[in-house]
Amino acid sequence: MDYIFLSIIFTICLFTIITFFLFRSTTRRITRLPPGNVGLPFIGETLQLISAYKTQNPEPFIDSRVKKYGTVFTTHVFGERTIFSADPEINRFILQNEGRLFESSYPGSISNLVGRHSLLLMRGCLHRRMHSLIMSFANATIIKDHLLVDIDRLVRLNLDSWTGCVLLMEEAKKITFELTLKQLLSIDPCEWTENLRKIYMRVIEGFFCIPSPIFSITYRRAIQARKRVAEEFSLVVRERRRERERRMKKNDMLAALFDSDGDGVGFSDDEIVDFLVSLLVAGYDTTSTTMTLAVKFLTDTPLALAQLKKEHEEIRAKKGESVSLEWEDYKSMPFTQCVINETLRVSNIISGVFRRTMTDVDIKGYRLPKGSKVFTSLRAVHLGQDYFKNARIFDPWRWQKPLDPTHFMPFGGGPRRCPGYELARVALSVFLHHLVTRFSWEPAEEDKLVFFPTTRTQKRYPIFVERRSKVV
Ligand SMILES: *[C@@H]1O[C@H](CO)[C@@H](O)[C@H](O)[C@H]1NC(C)=O
Ligand SMILES: *[C@@H]1O[C@H](CO)[C@@H](O)[C@H](O)[C@H]1NC(C)=O
């Protein structure tokens with residue numbers, strides 16, 4: 001651990017020194033930046049950031065600075081001066097002006113992992129095209145008519161095998177991985193998917209280490225694992241191209257990607273593979289963590305769990321013998337939607353997004369020079385006492401009254417809003433439905449939330465499950 005930590009610090013220093021000398025001349029322009037502290041030379045406040053998040057408080061770093069400087073402040077983390085925003089209006093402004101004043105900006109280490117052609121790194125019209133492609137693949141109509149059947153079936157299939165003590169986080173990951181592969185490539189769970197998942201887990205680990213290709217073993221392993229996943233996908237893509245020539249059609253993301261060839265500018269296999277890998281990244285970890293945390297919050301809030309159970313038992317009672325959930329069932333779970341929103345609000349797996357100014361930008365009396373790094377903290381708003389009463393407490397009932405939509409953006413906003421938001425909601429709802437109607441459970445061990453480098457529970461949330469004798 002110490003070894004990794006040292007190499008992180010060393011790399012940060014190295015990069016900072018290089019950036020410092022390269023860009024010294026350009027940062028000297030006269031500007032009015034938000035107040036703040038850029039910390040030590042070179043490493044800035046990076047160490048404060050890392051150590052702050054070792055506590056159980058979800059936003060220690062931002063909280064203390066907001067108290068001192070207000071909701072926008074300047075700091076210096078991960079090698080670069082960065083403007084943090086914990087202000088709902090500014091956040092909205094930044095997200096809405098994507099492509100005009102701001103563009104997404106991620107470090108090279110991330111792009112190596114997701115691939116050059118990933119949605120995260122695409123800009124301009126290619127991004128628009130891909131974004132709308134996913135939207136039209138995962139919109140409500142398509143989920144209703146096609147995807148829901150598989151979500152329901154795969155969730156039930158997974159729950160069938162649960163007995164005794166299960167690590168909820170692992171089980172949830174298995175479910176979302178299988179769902180994603182089914183939706184992207186029409187591949188049902190089998191030995192191949194299970195092997196691929198094991199390789200893929202190493203890619204994910206790479207996101208959570210602060211990367212340095214030279215020093216970090218985890219990161220190097222992640223890059224290798226990514227290559228293997230991409231190779232496996234390439235084989236599938238090639239096979240499917242052959243099938244297509246024989247006019248065999250499937251209804252999945254890959255087919256949609258092939259079909260968009262029709263515009264005259266087709267995608268190469270490499271582009272398609274990168275794109276698929278990045279969608280797997282997007283769909284897998286976030287949804288499974290949210291599933292786990294929803295169950296943890298419910299377990300810790302028995303009244304909410306009781307009300308959720310009642311809602312789902314009523315749905316069950318109406319359905320008689322039919323076990324599978326339909327769209328109408330999904331649409332009649334108002335309290336479940338409150339639970340999901342509240343889980344997203346309290347935990348928000350993606351705590352915020354990075355942007356870079358494309359030109360000098362004036363916001364609220366400040367001038368951010370062209371090329372400034374900006375961090376839009378979505379979670380800081382979700383957890384802000386000014387926007388939500390008792391903001392740090394899990395209270396699903398607060399959603400029964402209308403709330404200001406600008407204070408809640410768990411999927412981001414603007415043109416880059418996560419296109420899978422509805423799909424994630426449906427998967428969560430179906431999972432909760434089958435879980436509460438089939439099982440009762442209790443935590444097997446004390447487990448707690450940690451927030452760095454991402455939100456999760458420390459022990460992957462082990463629970464004892466017991467099958468309920470007869471469902472309603
Ligand atoms: C969803 O996308 C399909 C095309 O893939 C389109 O026909 C349909 O109108 C869209 N539905 C909604 C609700 O946007
Ligand atoms: C949950 O949040 C979404 C915004 O992401 C909102 O449209 C919806 O109305 C909210 N649901 C409830 C029950 O408040």
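**Ligand shells and helix packing**

Biologist: Which side chain has an N or O atom 2.8 Å from a nitrogen atom of ligand 1?

Modeller: In this predicted model, the pair at 2.8 Å joins a nitrogen atom of ligand 1 to an N or O atom in a side chain. A polar contact requires a pair of N or O atoms within 3.5 Å, so the pair qualifies. The side chain belongs to Thr141.

Biologist: How much of the area that ligand 1 exposes when taken alone does the protein bury?

Modeller: Taken alone, ligand 1 exposes 370 Å². Of that area, the protein buries 37%.

Biologist: Which residue offers a polar backbone atom to an oxygen atom of ligand 1?

Modeller: The residues around ligand 1 are Ser136, Asn139, Thr141 and Ile142. Asn139 places a polar side-chain atom 2.4 Å from an oxygen atom of the ligand. The backbone contact, at 2.9 Å, comes from Ser136.

Biologist: How many residues in the shell around ligand 1 are polar?

Modeller: The shell around ligand 1 contains one nonpolar residue and no charged residues. The number of polar residues is three.

Biologist: At what distance from an oxygen atom of ligand 2 does a polar side-chain atom of Asn341 lie?

Modeller: Ligand 2 is surrounded by Cys338, Asn341, Trp399, Phe408 and Arg425. In the side chain of Arg425, an N or O atom is 3.5 Å from an oxygen atom of this ligand. For Asn341, the distance is 2.4 Å.

Biologist: What share of the area of ligand 2 does the protein bury?

Modeller: The area that ligand 2 exposes when taken alone is 360 Å². The share buried by the protein is 55%.

Biologist: How many residues around ligand 2 are nonpolar?

Modeller: The shell of ligand 2 includes one polar and one charged residue. The nonpolar residues number three.

Biologist: What is the orientation of α13 relative to α15?

Modeller: Helix α13 (residues 302–319) packs against helix α15 (residues 334–347) with axes 8 Å apart and an angle of about 140°. Angles over 145 degrees would count as roughly antiparallel, and this angle therefore makes the arrangement of α13 and α15 oblique.

Biologist: Is the crossing of α12 and α17 left-handed or right-handed?

Modeller: Helix α12 (residues 269–300) and helix α17 (residues 421–438) have axes that come within 10 Å and cross at roughly 45°. That angle makes α12 oblique to α17. Whereas α13 passes α15 in a left-handed crossing, the crossing of α12 and α17 is right-handed.

Key
Residues numbered from 1 in each chain as written. Chains lettered and ligands numbered in written order. Predicted model: local features only at pLDDT ≥ 70, side-chain atom pairs only at ≥ 80, totals over all residues. Heavy atoms only, no water. Near = heavy atom within 4 Å. Polar contact = N/O pair within 3.5 Å; in protein donor to acceptor, adjacent residues only side chain to side chain. Areas by Shrake-Rupley, 256 points an atom, 1.4 Å probe, with all protein chains shown as cover. Nonpolar A, V, L, I, M, F, W, Y, C, P; charged D, E, K, R; others polar. Axes fitted to C-alpha atoms, helices over the stretch in contact; angles between N-to-C directions. Helix = DSSP H or I, 4+ residues; strand = E, 2+ residues; numbered from the N terminus. Parallel < 35°, antiparallel > 145°, perpendicular 65-115°, else oblique. Left-handed = near helix turned anticlockwise from the far one by under 90°.
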